[in-house]
Amino acid sequence: MFYLQVKIFSCIIKIGDRMYVIKENIEHELIIKNSRFITLIYQIKTKEEVDNYLKVAKEKYPKATHYTYAYKTMEEEKSSDDKEPSGTAGIPILNVIQKQEIVNVLVIVIRYFGGIKLGAGGLVRAYTKSCKEALCKASLLSLVPAKKVKIKADYTNQKELDYLLQSSKVLEKTFTDTVTYIALVEKETILDHKFSYEIIGTSYIEKEL
């Protein structure tokens with residue numbers, strides 16, 4: 001059963017109990033007591049991408065005081081305070097990501113110290129606000145659970161199969177004496193019992209909210 005649900009801040013409205021991914025990368029800047037907080041949000045899937053984006057951030061914004069970050073993929077999550085007091089930067093960023101149920105995302109918050117100390121509580125609020133405001137700019141896609149299936153069809157039935165798979169994601173087509181599709185489908189019932197198929201795994205389909 002799905003229902004409208006507003007999470008954390010009103011600019012992001014989500015539907016039901018699902019996971020989400022960002023549609024595009026985001027950049028946002030905030031000034032708090034003379035300190036610059038530059039938030040960069042990236043779509044990722046692997047730890048290697050995290051390392052690459054951190055390198056890019058340091059090259060684009062050199063000599064910053066801190067390069068704090070948090071990321072969450074399907075397999076793992078991690079945060080870093082990068083020499084800010086323990087628990088005042090990376091964890092607050094990760095908490096926002098977790099509560100928004102967003103995955104495959106990296107949030108880097110770069111700080112240029114402005115000469116005024118914020119204190120532990122002030123830092124938590126600053127990093128949380130920076131992440132929230134940046135995510136307000138993001139368009140989200142819903143991750144819908146799907147089954148990965150292998151479907152076989154005669155050439156005479158290919159158009160009908162293409163029609164049935166309109167709302168699915170076709171990953172691969174192979175043409176031999178028959179047409180073989182590898183596709184992600186929400187429900188096998190869309191095949192209308194007209195095509196033979198084999199379930200070969202599970203995954204997710206990205207869909208507009």
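Helices (H or I, at least four residues) and strands (E, at least two) are taken here as DSSP runs, numbered from the N terminus. The model is predicted, with local features requiring pLDDT of at least 70 and side-chain atom pairs counted only at pLDDT 80 or more, while totals for chains, interfaces and linings use all residues. Residues are numbered from 1 along each chain as its sequence is written, and side-chain values use heavy atoms, with hydrogens and water left out.

A good place to start is the salt bridges (a side-chain nitrogen of Lys or Arg within 4 Å of a carboxyl oxygen of Asp or Glu), of which the structure holds 10. Within helix 1, lysine 47 and aspartate 51 lie 4 residues apart, about one turn of the helix, and their side chains form one such bridge at 2.8 Å, N to O. Lysine 60 and glutamate 27 are also bridged, at 2.9 Å, N to O; this pair links distant parts of the chain, as lysine 60 sits in helix 1 (residues 47–60) and glutamate 27 in strand 4 (residues 26–32), 33 residues apart.

Accessibility is classed as buried (under 20% relative accessible area), exposed (over 50%) or partly exposed in between, using a 1.4 Å probe and protein chains only. Lysine 47, at 28%, is partly exposed, and aspartate 51, at 38%, is partly exposed too. Asparagine 104, by contrast, counts as buried because its relative accessibility is 12%. Asparagine 104 is found in the loop between helix 2 (90–99) and strand 8 (105–112). Beyond its neighbours within four places in sequence, its contacts (heavy atoms within 4.5 Å) include Val21, Tyr42 and Lys72.
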